[in-house]
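Colleague: I've got a fold open on my screen and I'd like to go through it with you. Can you take my questions one by one?

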Amino acid sequence: MESVQAIKQRFGIIGNNQKLNRAIEKAIQVSPTDISVLVTGESGVGKESIPKIIHQLSHRKHGKYIAVNCGAIPEGTIDSELFGHEKGAFTGATQTRSGYFEVADNGTIFLDEVGELPLTTQVRLLRVLENGEFLKVGSSQVQKTNVRIVAATNVNMFEAIKKGKFREDLYYRLSTVEINLPPLRDRTEDIHLLFRKFASDFALKYKMPTIKLTDEATLELLKFRWNGNIRQLRNVAEQISVLEENRTITGDTIRGYLPNATSNLPAVISNTKSESDFSSEREILYKVLFDMKADLSDLKKLTAELMKHGNDKDVQKNNEGLIQKIYGNESDAEYDEAEDDLEILSIAEQSATALVDNNLNALDKYHFAEEIQEEETLSLQDKELELIKKSLERHQGKRKLAASELGISERTLYRKIKQYDL
Ligand SMILES: Nc1ncnc2c1ncn2[C@@H]1O[C@H](COP(=O)(O)OP(=O)(O)O)[C@@H](O)[C@H]1O
Ligand SMILES: [Mg+2]
């Protein structure tokens, strides 16, 4: 059996982290079998080399190796890509076509981003995994194939299962053995090593002297979160290699290449950007809605008081805080001296009188107002619940990140999780 070191050399894998070594060791161990393997880990951690190792060390190495990015194939064509189709199966199917499962007979298929597979395709995949049988799209003739599956995902499969997006039985079928690759921030001992390797590769590629890091610059690399993992580190090494005339790279220079270098929050990178912009927009809406709700219920309280007691001094005194809260800032900004509490109260009284003037009696009206408030509270609670759920999902249950995205404290979030029984 080839050693982990030899495999790393053969497949160009840099690093000495223990978890990385364990992952490679597992790949070597399962390679002679036909066991399905699920490779897990964040985006950019190097998942793609694992199925290659498994295929190359297996008895299938002379068979085909096909890598399929399940997230990149449109839902409408993925069944046909994987399993083929019969002539006339759908508009444009002018010829019978073989799919990857037929072509890769006796070989290996790597299903990258397997969490993205549509549910209907998952059913077909489960069948192939169970007995090697499949149907071309538009055909009723069962075909047989002998394919080894290695799948990879960077999403939390349990979450996907819980949301009904991934079949549980398929998950267990795929993940007979799971190989997890650690994020780069958990293997800081490898960061400098990887950077030097990339710097030297790019120096060769662009025919320039290799860049060198000062100690301070190295420290910056070690401190950084690397949400895009090795892919991101490689990009940074490439950019600096190409753009910096001075080949000695200082801490200052490197900071210029690291997004949100001072923040510990997830860096905004590539495809997560739009989502994060969207969520901050929602965050604003969320705050506005809750402020409005609070104002409305304050106003209702005051109106009810006025309806009961009229605009007498006691009402003003007893509700001073409320009045200040509702009208305080506005009168500062817009009316200054012109407005005083009395005038404000008389406006409130007018609205109260308008309510009473209605055909319904005052009490009914108040109940009616209460009911409306109840409904508003409910739908706002739904919104809040939905926002919290989505945020937790996005951050894979990490409360700290979700709380920071929602603009509330972790403690408040915890309270809400309990309140909504999440
Ligand atoms: N240990 C490693 N040594 C050298 N390069 C690596 C290593 N791990 C990943 N890479 C490089 O990082 C990039 C991202 O790796 P990839 O396997 O595509 O990540 P993933 O599939 O997990 O998103 C690729 O260019 C790959 O060659
Ligand atoms: Mg990948």
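What follows is a back-and-forth between a colleague and the modeller.

Colleague: Before we get into details, how far should I trust this, and what does the chain average in pLDDT?

Modeller: Keep in mind that this is a predicted model. Of the residues, 78% score at least 70. Two stretches have pLDDT below 50: residues 267-283, with 21 contacts beyond near neighbours in sequence, and residues 329-345, with 17 such contacts. For the protein chain, the average pLDDT is 83.

Colleague: And the general make-up: how many helices and strands are there?

Modeller: The chain has 422 residues, and 39% of them count as buried. Among contacts between residues at least 6 apart in sequence, 71% join residues at least 24 apart. As for secondary structure, the count is 19 helices and nine strands.

Colleague: What share of the accessible surface comes from carbon and sulfur atoms?

Modeller: The protein chain exposes about 23800 Å². Of that area, carbon and sulfur atoms supply 50%.

Colleague: Let's look inside. Which residues of helix H4 are buried?

Modeller: H4 runs over residues 75-83. Its buried residues have cover that includes strand E2 (65-69), helix H5 (100-103), strand E3 (108-112), H6 and strand E4 (133-135). Just after H4 comes Gly84, with a positive phi of about 80 degrees. The buried residues themselves are Ile78, Asp79, Ser80, Leu82 and Phe83.

Colleague: Now Thr121: is it buried or exposed, and which residues does it contact beyond its sequence neighbours?

Modeller: Thr121 sits in helix H6, residues 119-131. Its relative accessible area is 0%, under the 20% cut-off, so Thr121 is buried. Leaving aside neighbours within four places in sequence, its contacts are Ile78, Asp79, Leu82 and Phe83.

Colleague: Which residues form the nonpolar patch with Tyr206 on the surface?

Modeller: Tyr206 belongs to helix H9, residues 191-206. At 31% relative accessibility, Tyr206 falls between the 20% and 50% cut-offs, so it counts as partly exposed. Together the patch has about 330 Å² of accessible area. Its other members are Met208, Val242 and Leu243.

Colleague: On to charges. How far apart are the closest N and O atoms of Glu2 and Arg10?

Modeller: A search of the whole structure turns up 20 salt bridges, and Glu2 with Arg10 is one of these pairs. Glu2 is partly exposed at 34% relative accessible area, and Arg10 is partly exposed too, at 42%. Their closest N and O atoms are 2.6 Å apart.

Colleague: Glu25 and Arg22 also pair up; why can two side chains of one helix meet like that, and what is the N to O distance?

Modeller: Both lie in helix H2 (residues 18-30), three residues apart, about one turn of the helix. An α-helix has 3.6 residues a turn, so residues three or four places apart point the same way. Glu25 is partly exposed at 34%, as is Arg22 at 40%. Their salt bridge has an N to O distance of 2.9 Å.

Colleague: Lys163 and Glu393 form a salt bridge as well. How many residues apart in sequence are the parts they tie together?

Modeller: The closest N and O atoms of this pair are 3.4 Å apart. Lys163 is partly exposed at 39% relative accessible area, and Glu393 is partly exposed at 28%. Lys163 lies in the loop between helix H7 (157-162) and helix H8 (168-174), while Glu393 is in helix H17 (residues 362-394), so the pair ties together parts separated in sequence by 230 residues.

Colleague: Which residues are joined into one network by salt bridges that share partners?

Modeller: This one goes beyond a single pair, with shared partners linking the bridges. The members are Glu216, Glu220, Lys223, Asp252 and Arg255.

Colleague: Last one, on backbone angles. What is phi for Glu113, and what is it for Asn229?

Modeller: Glu113 is in the loop between E3 and H6 and is partly exposed, with a relative accessible area of 29%. Asn229 lies in helix H11, residues 229-243, and counts as buried at 0% relative accessibility. Each has a positive phi in a residue other than glycine. The values are near 50 degrees for Glu113 and near 55 degrees for Asn229.

Technical notes:
Residues are numbered from 1 along each chain as its sequence is written. Chains are lettered from A and ligands numbered from 1 in the order in which they are written. Side-chain values use heavy atoms; hydrogens and water are left out. Helices (H or I, at least four residues) and strands (E, at least two) are DSSP runs, numbered from the N terminus. Buried means under 20% relative accessible area, exposed over 50%, partly exposed in between (1.4 Å probe, protein chains only). Contact means heavy atoms within 4.5 Å. pLDDT is the predictor's confidence in each residue, from 0 to 100. Patches are made of residues with over 30% relative accessible area and no salt bridge: like charges are joined within 9 Å, nonpolar side chains (Val, Leu, Ile, Met, Phe, Trp, Tyr) within 5 Å. Accessible areas come from the Shrake-Rupley method with a 1.4 Å probe; for residues, only the protein chains shown count as cover. A salt bridge is a side-chain nitrogen of Lys or Arg within 4 Å of a carboxyl oxygen of Asp or Glu.
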